[in-house]
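Thanks for coming. I have one structure to go through today, and I will start with the whole chain before turning to the strands and two residues.

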Amino acid sequence: MIKVTQTESGDPMVFNVIVEGRNGHSEHRVSMEDSTYQRLTGGKHTPVECIDAAFRFLVEREPVESILKSFDVKVISMYFSNFEEQVPEYFPKK
């Protein structure tokens, strides 16, 4: 289970993310600039939905323990070059 809470609404926006896994849970502090948010969602999803989608993308590809504790969403593309093209598959269907 992934729980995302937006803690700051400036630019960048900041989120606290808790990931419940089989071996416990992990907590993460994630930032996202408005330009990244717009590029990833086109404004069709909330910032919280965007971070949730990013984490669902990540947990399918690596153990929760391997996810950085603090990072900006745009660094995901440095580890997974297909992130921006595949993350829309993880947004809620509207």
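**Overall size and layout**

For 94 residues, a compact globule would have a radius of gyration near 12 Å, and this chain has 12 Å, so the two agree. Please keep in mind that this is a predicted model. Along the principal axes, the C-alpha atoms fill a box of roughly 35 × 25 × 25 Å.

How much of the chain is buried? Of the 94 residues, 37% are buried. The accessible surface comes to about 5500 Å², and carbon and sulfur atoms hold 49% of that. Turning to contacts, if we take those with a separation of 6 or more, 47% are between residues 24 or more positions apart.

On charge, the chain carries 11 positive and 15 negative charges, and their mean positions are 3 Å apart.

Now the secondary structure. There are four helices and four strands. Reading from the N terminus, the order is β-β-β-α-α-β-α-α.

**The strands**

Let me go through the pairings in turn. Strand S1 covers residues 2-8 and strand S2 covers residues 13-21; the two run antiparallel and are joined by six bridges. The connection from S1 to S2 is a hairpin of four residues. As one example of the pairing, Ile-2 has Val-19 in S2 as its bridge partner.

S2 also pairs with strand S3, residues 24-32, again antiparallel, through nine bridges. Here the hairpin has two residues. Which residues stand opposite each other in S2 and S3? Among them, Glu-20 stands opposite His-25, and Val-19 stands opposite Ser-26. Val-19 therefore turns up twice, as it is also the bridge partner of Ile-2.

What about strand S4? S4 spans residues 70-72 and runs parallel to S3, with three bridges between them. In the order of elements, two helices come between the third β and the fourth.

**Two residues in S3**

I picked two residues from this strand. The first is Ser-31, which lies in S3 and has Asp-72 in S4 as its bridge partner. Is Ser-31 buried or exposed? Its relative accessible area is 14%, and the cut-off for buried is under 20%, so Ser-31 counts as buried. Setting aside neighbours within four places in sequence, Ser-31 is in contact with Pro-12, Met-13 and Val-14, and also with Phe-71, Asp-72 and Val-73. The bridge partner Asp-72 is thus on the contact list too.

The second is His-28, also placed in S3. Its relative accessible area is 1%, so His-28 is buried as well. What does His-28 touch? Not counting residues up to four places away in sequence, the list is Phe-15, Asn-16, Val-17, Val-19, Phe-55, Val-64, Ile-67, Leu-68 and Lys-69. Val-19 appears here once more, as a contact of His-28.

One distance to finish with: His-28 and Ser-70 are 42 residues apart along the chain, yet their C-alpha atoms are separated by 5.6 Å. Ser-70 belongs to the residue range of S4, the strand that runs parallel to S3.

Key:
Residues numbered from 1 in each chain as written. Predicted model: local features only at pLDDT ≥ 70, side-chain atom pairs only at ≥ 80, totals over all residues. Heavy atoms only, no water. Rg over C-alpha atoms; globule rule 2.2 N^0.38 Å. Buried < 20%, exposed > 50% of the residue type's maximum accessible area, 1.4 Å probe, protein only. Contact = heavy atoms within 4.5 Å. Areas by Shrake-Rupley, 256 points an atom, 1.4 Å probe, with all protein chains shown as cover. Lys, Arg positive; Asp, Glu negative; His and termini not counted. Charge placed at Lys NZ, Arg CZ, Asp CG, Glu CD.
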